Amino acid sequence: MPRRSALMLAVAARCGALVPRARPLRPLTTLAESAAPAEERRERVLSGVQPTGTLHLGNYLGAIRQWVQFQDDYDSFFCVVDLHAITAPHNPKLLQQETLDAAALYIAAGIDPEKSPIFVQSHVTAHAELCWLLNCMTPINWLERMIQYKEKKQKQGENVGVGLFDYPVLMAADILLYQAGLVPVGEDQRQHLELTRDIARRFHDLYCKRKKRVFREPKALIVKEGARVMSLTDGRAKMSKSAELDNSRINLNDDPATIARKIKKCKSDEFTGLEWDNPDRPEATNLLNIYQAVTGMERDAILAEVGDLSWGGFKPRLADAVVAHLEPIQLKYAEVKEDKAYLSGVLKSGAERADETATRTLDAAKAAMGFAPRF
Ligand code: TYM
């Protein structure tokens, strides 16, 4: 059983958490893993969301919902990536609250902080430090190829900062620090995961010849349904926190009336009936995908139920299904937000547990690169 602080036990008691059942061990391939205590050698999952604005249905269906499913089978770490949130111009008055709200949503969505540490990225300094080490060995042209950088750079224009360019290296540091084998993310993160693997390989080629490797190469875990939830106002654009129009997304804390209004107003088309995968009907595919993700029904059953409906007939059903799916999450969210001491306890103990693992990898990386040890 992992070592637990009194605080963690108190947190566990409040959550009614159970002791995790035995999970498969992973092969010990890296230096940091060999140094880890036996109980920390299970297959590892790490993921995170930026606390920019409110988390939306895309974040939930593409990422967070899978985290909840995996936490019983893997050793998981989930962070609120606040250092990533400042790679675009941000409001310092909102960052703290949005960070806490994101953490509260992780718990509300079903992450049990006793099973899976939840922490704030900037509370574990190893993230920024490993990012620097990796910066110094990552070729610039690898970063110039990143699609998200190119897209976001266009939006930010003159104000684009070095941090936006470096974003994928920080993300690689997040993942590699925890020896994560699996990273559950939406489709838009696939390229960043490939870059993370490339960075790990280059590090090993440069610094680990004939020595034990430092990092584990991670794989992206991408769901079939929900991997790419599209905007409500344009079925060809991704649902996004940074899109100007709030009507383009369903925020996880939107009330039922707002959800119904956004879906009622969302873009539709002139065709009759509803169908999947018609390239001229991206909105139909998107809304059916959302319906499928929140109801858990098979495609055939959905088409039998709503395939002949008009948009006007389908939209209220979709709104009801989304509201029903989000209702328990919203109730729990309100509860967690209310209990500030509980949330800060979760984040304190999460950062302590994360720091222990991350520091072990950071020390191994520094040793491989030839830094003098701390005396
Ligand atoms: P962020 O905050 O942009 O997105 C968080 C997660 O939500 C997924 N996602 C979507 N999935 C489906 N449809 C959408 N419309 C949609 N929009 C977002 C993203 O794929 C992501 O999984 N760079 C990461 C944050 C990060 C991270 C990490 C993730 C930083 N370090 C380490 C995993 C591991 C990001 O895009 O955040």
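This passage describes the confidence of the model, the helix α3 and the surroundings of the ligand.

The structure is a predicted model, in which the chain has a mean pLDDT of 90 and 89% of its residues reach 70 or more. An exception to this confidence is found over residues 1–21, where pLDDT stays under 50 and for which the model has 28 contacts beyond four places in sequence.

The ligand is surrounded by 26 residues, of which G58, G62, A63, V185 and G186 come nearest. Two or more residues are given to this shell by each of the elements β1 (44–49), α3 (57–70) and α9 (162–177). In its composition, the shell around the ligand comprises 11 nonpolar and 11 polar residues, together with four charged ones.

The helix α3, one of the elements that contribute to the shell, consists of 14 residues and spans 19 Å from its first C-alpha to its last, which is close to the 20 Å expected at 1.5 Å a residue. Within α3 there is nevertheless a kink of about 35°, centred on A63, a residue that is also listed among those that come nearest to the ligand. The helix is mostly covered, with 11 of its 14 residues buried; these are L57, G58, N59, Y60, L61, G62, A63, I64, R65, Q66 and W67. Packing against the buried residues of α3 are the strands β1, β2 (75–80), β4 (182–184) and β5 (219–221), as well as the helices α5 (92–109) and α12 (282–295). Of these partners, β1 also gives two or more residues to the shell around the ligand.

Key
Residues are numbered from 1 along each chain as its sequence is written. This is a predicted model: local features need pLDDT of at least 70, side-chain atom pairs count only at pLDDT 80 or more; totals for chains, interfaces and linings use all residues. A residue is near a molecule or strand if its C-beta atom, placed from the backbone, lies within 6 Å of it. Helices (H or I, at least four residues) and strands (E, at least two) are DSSP runs, numbered from the N terminus. Ala, Val, Leu, Ile, Met, Phe, Trp, Tyr, Cys and Pro count as nonpolar, Asp, Glu, Lys and Arg as charged, and the others, Gly among them, as polar. pLDDT is the predictor's confidence in each residue, from 0 to 100. Two residues are in contact if their C-beta atoms, placed from the backbone, lie within 7 Å. The expected span of a helix is 1.5 Å times one less than its number of residues. The bend at a residue is the angle between axes fitted to the seven residues ending there and the seven starting there. A residue is buried if 20 or more other C-beta atoms lie within 10 Å of its own, exposed if 12 or fewer, and partly exposed in between; C-beta atoms are placed from the backbone.
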